[in-house]
Amino acid sequence: MIDLLYSDIDEQLRSSLRSVLAARSPWTEVLARTESDKTYDADLWRAVAVDMGLAGLIVPEDLGGAGASYREAAVVCEELGRAVAPIPFLGSAIVATTALLSAGATDLLPDLASGTRAAVLVVPFATAPGGITPTVAVEGGRLTGTVTTVAEALPADLLLVPTPGGLYAVEAAQALLIPVTSFDMTRQLADITFDGATGTRIGDLAAADVGLRAGAALLASEQLGVAEWCLETTVAYLKTRYQFGRLLGSYQALKHRVADLYVDISQARAVARYAAACAASEDPDLPVAVAVAQAFNPAIAVRASEECMQLHGGIGFTWEYPVHLYMKRAKSAAIAFGSAAAHRTELAKLVNLPASS
Amino acid sequence: MASTSGFCGTGCTKPYLRKTCTRDAIFSVTDAPLNAAAIRARVGEFVAANATLIARGDVDPAAYLGARFDAGLAWVHFPVGCGGLGADRSLQHVVETALAGAGAPPNDPRRNPIGLGMAAPTILRHGTDAQRHQYLRPLWTGEEIWCQLFSEPGAGSDLAGLGARGVRDGDDWVVNGQKVWTSLAHHAHRAILIVRTDPTVPKHVGMTYFVLDMHAPGVEVRPLRQATGEAEFNEIFLTDARIPDTDRLGAVGDGWKVAQTTLMNERVAIGGGVVPREFGEIGVLASIWRDRPALRTPAGQETLMQLWVQGEAARLFGMRLAQQLAAGQPGPEGSASKIIYARLMQQATSFEMDLLGGEALRQDTWDMNRDSLVDFFARSPGHRYLRAKGNSIEGGTSEILRNIIAERILDLPRETRNDVELPWKDLPK
């Protein structure tokens, strides 16, 4: 049976990462950064990727990585979700790294594993696994075309670009990156244009798809982290706020709403752990696990953020309170890697529940 | 409940009991702690000595189960002399596996679900030596079926408000009142019962817990017919029924405390466990969808897939919960199980009727069936839809379970209440 629990190592990793995030990336800093020129936090990325060595978590030791698995990486995603941390872990250390591992591009991996460089798979953020449609053409090793709404591209040094001729690696300096004012500024998007950029073919498009599927699997853990923060913050508030001479948390109408969130989040945790475990063991059930994860967890994170805002009342609606950061992250993540509806459609094919003919 | 959700077991493998019985010296564990190898050796001895009984186990279950009890292989975590070996409860599966390997019949808890799941742990924890000797063996073998007399027409979610009265009369108690929603009462030999023995004190401290002989004069069992037409349950009328004081479990006034052991085990028994994908009602929906293309619509597929995903999330949750229990980390999430399954069953059975359309309106029967274990999946969709409505009511309503999650897990303040200090007799009723 697939193990859905956390190990002692998972808990140690969680604890040290949580301390780093609390010290270096409190929500006030995250909020201020969303209105700055550099929306990705390079110092925090260095601390997490290089000092903690997490950029190479899933990379084998002989390629300079930690030789851990997606199970541990999923714990990192939970914590980064809890902190809405503006660093490219999912994009570089999971999606791009997985694509490079799948393509066997071993020469490019040591720099990623060490955290010296970051990479990104250049596809629109809403692309579902199996849904890559190249919009960049190759001719004589030169790439031309535009890809819009790419997440975690702005801090990347290396671009992995799907083309009809396969997956190409391009130095970021060769492309034009235009930042997009994004719904979720803790994970800012960019439009990327190639105008005869020099690229190297590193593998088939299938490698990009493997990366995308791993990203969708681990996004479920980030969504879990977002939802947990929202529940804990709401419960804490209900225990301190008095109205009509009573603590808000003593009203059954409110208690039942947070109890329902607790129930849903308990399921979301099992779903996220299953997806991460299937990715880690290359289980044949991975496509089903990912489709279930991205059909179930996004709505839980979104609703947790919505309940968090509503149950805080007026203060929850202000810019100076962090709920909106989590709401934007949750809603943005629900559209990322394919909508829940798209994953349900995919799932129907996988488990033989066909549409009407 | 077992028949409807399929997710129940009686709590035999659940960690609800203390490993050893410390109250009475005669049951103290004499051997060093047993490991799996020692348990296997005991099973080997048992199998060698009882080959005939094991072979005849299916035709004469009581004799076989009795021998198992006497060998301490009924529930290994119970003390020696009580059907156990004082071993760690995690070793029970060693016994079941070894016995199954020897061709013994399975240990099916459905032979006496209330007895095995709720009465036995309560008797072990709160009973006297004499009570354990008298009750546990026939309870285990299924020779004496048990039922539970807790809920009343006026005391459901607020069980501690119950009003059935017990009055001391010499060596006996004389009991009057009405109990309701009693499974198996029409088959039962004994019942666990709570009654109010002192109405002049606050409600939680005025109750006493008894074992009732269901065949005693003054105990009347009537079927309680449900919205489904059948009568899985009963209502019980107690009219001057006499209970000897020796059948009291725990001290006078401690009924609520004793009942906590029983109720804790009921919650563990409902929900949780490892099931295959597309188990239960989701499997019913999936089969209909695959077998009958004419019923497929785009809107139907959207609902079907939403339910399928919820079913899978519920399944993975149950799997994780079982892993937590097996790893000795019984997380608080158990309280969520029943809410999850009740909601899923209700939505899925409702969709089954919608999917089938007009034919779902053809009900198999409204006859007052008295089976206590209804084959949920052999009945018509209308039955499933109605029976699932009970899932969010029986064994603790979903509303009470949400209170429990909010107050005991999320640590939110308790609801303001006015029934804690007042004597029971002065409470508004």
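Is helix α8 of chain A largely enclosed by the rest of the structure or not, and how many of its 29 residues are buried? In this predicted model, 24 of those 29 residues are buried, so α8(A) is largely enclosed by what surrounds it.

**Helix α8 and what follows it**

Let's stay with that helix for a moment. α8(A) covers residues 252-280, and at 1.5 Å a residue it should span 42 Å. Its end C-alpha atoms are indeed 42 Å apart, so the expectation and the model agree.

Just past the helix comes A:Glu282, which takes a positive phi of about 50°. A:Glu282 sits in the loop between α8 and α9 of chain A. It has 9 C-beta neighbours inside 10 Å, and because a residue with 12 or fewer is called exposed, A:Glu282 counts as exposed. Now look back along the chain to A:Ser250: the two residues are 32 places apart in sequence, and their C-alpha atoms are 47 Å apart in space.

**Residues with a positive phi**

Why is a positive phi worth pointing out? Most residues other than glycine have a negative phi. Here are the examples to look up in the structure.

| Residue | Phi | Where it is | C-beta atoms within 10 Å |
|---|---|---|---|
| A:Glu282 | about 50° | loop between α8 and α9 of chain A | 9 |
| A:Phe244 | about 55° | loop between β9 (242-243) and β10 (246-247) of chain A | 6 |
| B:Asp411 | about 60° | segment after α13 (398-409) of chain B | 10 |

A:Phe244 is exposed, with 6 other C-beta atoms within 10 Å, and B:Asp411 is exposed too, with 10.

**Chain A as a whole**

Zooming out, chain A comes to 11 helices and 10 strands. A compact globule of 357 residues would have a radius of gyration near 21 Å, and chain A, at 20 Å, agrees with that. Along its principal axes, the C-alpha trace spans about 75 × 50 × 40 Å. Buried residues make up 56% of the chain. Among the contacts in chain A with a separation of 6 or more, 77% are between residues 24 or more positions apart.

The domain assignment splits chain A into domain 1 (8-116), domain 2 (136-205) and domain 3 (207-350). The centres of domain 1 and domain 3 of chain A are 20 Å apart. Where these two touch, domain 1 brings 23 residues and domain 3 brings 27. On the domain 1 side, α2 (27-33), α4 (70-82) and α5 (89-103) of chain A each give two or more residues. The biggest giver there is α4(A), with 10 residues. That side divides into 15 nonpolar, 4 polar and 4 charged residues.

**Where the chains meet**

In the contact between the two chains, 34 residues of chain A touch 38 residues of chain B. On the chain A side, at least two residues come from each of α7 (205-238), α8, α9 (286-312) and α11 (340-350). Here our opening helix turns up again: α8(A) gives the most, with 14 residues. The chain A side divides into 19 nonpolar, 9 polar and 6 charged residues.

**The cores**

The largest nonpolar core has 165 residues. Those with the most contacts inside it are A:Leu160, A:Ala217, A:Leu218, A:Val271 and A:Ala275. Take A:Leu160: leaving aside neighbours within four places in sequence, its contacts include A:Ala96, A:Ala99, A:Val120, A:Leu167 and A:Ala208. A second, separate core has 65 residues, including B:Ile114, B:Leu116, B:Val195 and B:Leu238.

**A look at chain B**

Chain B comes to 13 helices and 8 strands. Of its 429 residues, 46% are buried. Residues 24 or more positions apart account for 73% of its contacts with a separation of 6 or more.

For one loop to inspect, try B:Ala216, found between β5 (207-213) and β6 (219-224) of chain B. With 15 other C-beta atoms within 10 Å, B:Ala216 is partly exposed. Not counting residues up to four places away in sequence, B:Ala216 touches B:Ala241 and B:Arg242. B:Ala216 and B:Ile243 are 27 residues apart in sequence, with 8.5 Å between their C-alpha atoms.

Technical notes
Residues are numbered from 1 along each chain as its sequence is written. Chains are lettered from A and ligands numbered from 1 in the order in which they are written. This is a predicted model: local features need pLDDT of at least 70, side-chain atom pairs count only at pLDDT 80 or more; totals for chains, interfaces and linings use all residues. Domain bounds come from an automatic or database domain assignment. Two residues are in contact if their C-beta atoms, placed from the backbone, lie within 7 Å. Helices (H or I, at least four residues) and strands (E, at least two) are DSSP runs, numbered from the N terminus. Ala, Val, Leu, Ile, Met, Phe, Trp, Tyr, Cys and Pro count as nonpolar, Asp, Glu, Lys and Arg as charged, and the others, Gly among them, as polar. The expected span of a helix is 1.5 Å times one less than its number of residues. A residue is buried if 20 or more other C-beta atoms lie within 10 Å of its own, exposed if 12 or fewer, and partly exposed in between; C-beta atoms are placed from the backbone. A nonpolar core is a set of buried Ala, Val, Leu, Ile, Met, Phe, Trp, Tyr and Cys residues joined through C-beta atoms within 7 Å. The radius of gyration is taken over C-alpha atoms; the globule rule is 2.2 Å times the number of residues to the power 0.38.
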